[in-house]
Protein chains: 2
Amino acid sequence: MAKEVTSKEENYSQWYNNLVVKADLAENSAVRGCMVIKPYGYAIWEKIQAQLDKMFKETGHQNAYFPLFIPKSFLSREAEHVEGFAKECAVVTHHRLMASPDGKGVVVDPDARLEEELIVRPTSETIIWNSYKNWIKSYRDLPILCNQWANVVRWEMRTRLFLRTAEFLWQEGHTAHATAQEAMEETMRMVNVYADFARNYMALPVVVGHKTEHERFAGALDTLCIEAMMQDGKALQAGTSHFLGQNFAKAFDVKFADKDGNLSYVWATSWGVSTRLMGALIMSHSDNNGLILPPALAPIQVVMVPIYKGQEQLDAMVEHLNIIKKELEEKGISVKIDSRDNVRSGFKFAEWELKGVPVRLVVGQRDIDNGVVEITRRDTSEKKSVEREGIACYIQKLLDEIQSNIYNKALDFRNSHTIKVDTWEEFKEKIEEGYFLLCHWDGTTETEMKIQEETKATIRCIPIDSFVNEEPGTCVYSGKPSQRRVIFAKSY
Amino acid sequence: MAKEVTSKEENYSQWYNNLVVKADLAENSAVRGCMVIKPYGYAIWEKIQAQLDKMFKETGHQNAYFPLFIPKSFLSREAEHVEGFAKECAVVTHHRLMASPDGKGVVVDPDARLEEELIVRPTSETIIWNSYKNWIKSYRDLPILCNQWANVVRWEMRTRLFLRTAEFLWQEGHTAHATAQEAMEETMRMVNVYADFARNYMALPVVVGHKTEHERFAGALDTLCIEAMMQDGKALQAGTSHFLGQNFAKAFDVKFADKDGNLSYVWATSWGVSTRLMGALIMSHSDNNGLILPPALAPIQVVMVPIYKGQEQLDAMVEHLNIIKKELEEKGISVKIDSRDNVRSGFKFAEWELKGVPVRLVVGQRDIDNGVVEITRRDTSEKKSVEREGIACYIQKLLDEIQSNIYNKALDFRNSHTIKVDTWEEFKEKIEEGYFLLCHWDGTTETEMKIQEETKATIRCIPIDSFVNEEPGTCVYSGKPSQRRVIFAKSY
């Protein structure tokens, strides 16, 4: 077990916090609820960003940038929207400081009060639709397919690194369409982009589904989501895609003329993922020795450690490793040689294990003499002596295998922790043990709330699949009729 | 001349604003001083970012992310720093809104006042050095070479798109070193990275120099900068690199133990460029027909326009163009085929000229029959019939030629607008005509301020070169002795 890391069996929550901090991913800052993302953590985020950005562009989206601030009055334009965000807004009221009259430091200059307060964006629908009003005149201006990478602020009272912070980084797509049909297709397209990304890059077997009315985004007619299972059986919402109908177009009076010159309100979607994905990544795969990063997102895919005696042998070893490094890099594999001479090899092994590097390659003099290298997988801890010849091909295949293995392990875990439950007694028992419960629900917010009050479980989603395979039954709580099962779970 | 674009001879400032808006780069938002960067403008910024990020990483830097908010008390820790930024701070005072008692909209909840006000970062030295305090214990933790891409806010009273906005996007590098020497080298390294980038990608012939004490960054011991000349002869500061000495280490008590265990304060640098570069890019090269983008930063390098009659010919033409497009893309050239059927070719030509696409390729039926294409350069407006065979190689060379030509044109302009001036009479005359004036200056802030008051000219920099070629003389204003010439100019 890694030094100073609490085991996940002992305290899952503390295990997570320990990993984030000890693996140098992030730390709390002097500002309540705001984190510092450290270089190693940010390097993972950059890989997430680069891949998502590519996928957004492949689906026809362009990036843009809208203001950090939102006039207070804009928030109020869409009734549910303001209801959803008013309680957690950072509010800018002044634009100047002045020397304190008592001579100590600075104070807010009372003469520099803003006419209208500005809200630090918690999300950008309002400021963006206010711009779209000027961009859209006719059907020829549609669709608009914009995304922005930005920081947003929601004044959360209880924060946790990556999972829930007052400021976080995210992307928010905001699209405008001529028809409801097209907007709904976009909503679905983007949740599927998220699901593909989660599965193929993050190695997360996510469930795609609809949120219930109660769990929807403030201002949406439908919210689609991807939900992942953490190792404690709790759910984590990893991305959402909203069909906003004409709500924001009406709030900001955005109409377009069709081919015949008739005016209609524009249809909207928005969709986003955030640095919360970092939390999902860490929590899903890691163990008591540290992170386990899927190779597709690992900033360092292979770490090389020379075993040596004396400077001369070290130099020779590093030279040898540099040749291997070059071979790997030609295949697009990222490599680090850890040639530090002030720490022991065992210390290096533990450190790179903690940081989740997928493959460790070790070479000693005897390995060189025998034409082999020692390869250790982070995911299974399996150690093997492998022919030096053809090592780049070997590692390339191994990285793919590790990627699949991490995904399959998470999938197996989820499958073994997902059960159909048909009685309220079993529900109450199993929900405490950490499961996704596939249950019938009568479709009312009333029942949903009562279940939440009694068990803290929420409906994570109404899985898309369930629409394909309808299965009538009776609500696990009220006994009323139901058309399909939904997923109940406790969540982050 | 492009429609609705004022000529630069008539009104340079309005010409600039027209270009930014008409070429779809950016627009003002509903929030005072904050701009919306539109997709086409943002695509240029993404190319700037990608290249700079590569250069930062090649010089050993890593990205990280620090909080948007800075506790008010942090700003006060470094005396000059707070003096420099206090007058233009966006201040967050509350963290919640509530329904207005009069039932109309929302108001700030008076019970949600923050204990300590938070400043939206105008720059991040203070919050970053507060973090570095925890990162640095010994010489082994040094150097720290971090950069962040972020938004910052400075409450400017008079704003202009890209050049001066309340919120802007930038990168800020913040490094920590064991010795003054190393920090000074870093300061110089990064200003040279900026100069290389400006010259080779933005086609801007910048001058590298030191700022005077009066013009330095608030809290720096030395500020290096790159200064570019706009087409009206005014200077634009395009990037700065600061040697901060131990000022921030002292303010935040950041010490390190050297090999012998002795404690010393850490040495610092910071350096940044912002979306202001977009302003420099537009102002330096463009003409009355629109933008002229250097190929290295153009989101679209070649636009193809088919000349056709009827749908059938259009389809055939587009098929033909798609083959050429593929050939170009294989060489890494970005291409757009404009096959719109609702606007005339002349309209398309004007639009892509306005947007500064470096090369236009036009094909009509006769061109296909003759095995040629028509190529038009944006920078010189030169039009040519070119063999279809080998067109990709031709265009690749042409793009390089355009890149050089744009740079050389800007360099010639600057050289012809840079003169040595030795009398105060000539100074007053020439400064009004738009020149960089190479003058002797007595080295006092007093003289610098008087010259500024009388002419609005400031010392843009003390060029690095002038230290190589010292040239004694007498101050153009005071007549006192001087060791070298400095650059005076009016500026943005």
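# Exercises on a predicted two-chain model

Leu314(A) is found in helix H9 (residues 310–330) of chain A. The structure is a predicted model, and each exercise below is to be worked from its coordinates.

## Exercise 1. The surroundings of Leu314(A)

Determine whether Leu314(A) is buried, partly exposed or exposed, and which residues it touches beyond those up to four places away in sequence.

Step 1. Counting around Leu314(A) gives 15 other C-beta atoms within 10 Å. A residue is buried at 20 or more such atoms and exposed at 12 or fewer, so Leu314(A), with its 15, is partly exposed.

Step 2. Once residues up to four places away in sequence are left out, the contacts of Leu314(A) are Pro306(A), Tyr308(A), Ser339(A) and Asp341(A).

Step 3. For one of these contacts, Asp341(A), the separation from Leu314(A) is 27 residues in sequence, whereas the C-alpha to C-alpha distance is 8.8 Å.

## Exercise 2. The relation between the two chains

Find what turn and what shift along the axis lay chain A on chain B, and describe the contact between the two chains.

Step 1. Two copies of a chain are related by a rotation about an axis and a shift along it. Here the turn is 180 degrees and the shift along the axis is 0.0 Å, with an RMSD of 0.0 Å; that is the relation of a two-fold axis.

Step 2. The same surface serves both copies, in that 98% of the contact residues of chain A recur in chain B.

Step 3. Chain A contributes 53 residues to the contact and chain B contributes 52 residues. Sorted by class, the side of chain A that touches chain B consists of 33 nonpolar, twelve polar and eight charged residues.

Step 4. The residue of chain A that comes closest to the rotation axis is Val92(A), whose C-alpha is at 2.1 Å. Strand S5 of chain A (residues 91–94) pairs with strand S5 of chain B (residues 91–94) in the antiparallel sense, over three bridges, and within this pairing His94(A) stands opposite Val91(B).

## Exercise 3. Helix H6 of chain A

Compare the length that helix H6 of chain A reaches with the expected one, and state which elements cover its buried residues.

Step 1. Helix H6 (residues 180–200) of chain A has 21 residues, and at 1.5 Å a residue the expected span is 30 Å; the helix reaches 30 Å from its first C-alpha to its last, close to that expectation.

Step 2. The buried residues of H6(A) include Ala183(A), Met190(A), Tyr194(A) and Phe197(A), and Glu186(A) and Thr187(A) are also among them.

Step 3. The elements of chain A that cover these buried residues include helix H2 (39–58) together with strands S10 (167–177), S11 (207–210), S12 (222–229), S13 (235–245) and S16 (267–274).

## Exercise 4. Strand S19 of chain A

Establish how many residues of strand S19 of chain A are buried, which way they point, and which strands pair with S19(A).

Step 1. In strand S19 (residues 359–363) of chain A, five of the five residues are buried.

Step 2. In a regular strand the side chains alternate between the two faces of the sheet. Accordingly, Val359(A), Leu361(A) and Val363(A) point one way from S19(A), while Arg360(A) and Val362(A) point the other way.

Step 3. Strand S17 (residues 302–306) of chain A runs parallel to S19(A) and is joined to it by five bridges, Val303(A) having Arg360(A) as its bridge partner. Strand S20 (residues 372–377) of chain A pairs with S19(A) in the antiparallel sense over four bridges, and here Leu361(A) has Ile375(A) as its bridge partner.

## Exercise 5. Unusual backbone angles

Locate the cis peptide bond before Pro143(A), and decide whether Ala203(A) and Asp253(A) are buried or exposed.

Step 1. Most residues other than glycine have a negative phi, and most peptide bonds are trans. The bond from Leu142(A) to Pro143(A) is cis, with omega near -5 degrees, and Pro143(A) is placed in the loop between helix H5 (125–135) and strand S9 (144–153) of chain A. In chain B, a cis peptide bond joins Leu142(B) and Pro143(B), with omega about -5 degrees.

Step 2. Ala203(A), in the loop between H6 and S11 of chain A, has a positive phi of about 60 degrees; with 27 other C-beta atoms within 10 Å, Ala203(A) is buried.

Step 3. Asp253(A) lies in the loop between helix H7 (247–251) and strand S14 (255–257) of chain A, and its phi is positive, near 55 degrees. With 11 C-beta neighbours inside 10 Å, Asp253(A) counts as exposed.

How values were computed
Residues numbered from 1 in each chain as written. Chains lettered and ligands numbered in written order. Predicted model: local features only at pLDDT ≥ 70, side-chain atom pairs only at ≥ 80, totals over all residues. Least-squares fit on C-alpha atoms with pLDDT ≥ 70 in both. Contact = placed C-beta atoms within 7 Å. Nonpolar A, V, L, I, M, F, W, Y, C, P; charged D, E, K, R; others polar. Pairing = 2+ DSSP bridges. Helix = DSSP H or I, 4+ residues; strand = E, 2+ residues; numbered from the N terminus. Expected span 1.5 Å × (residues − 1).
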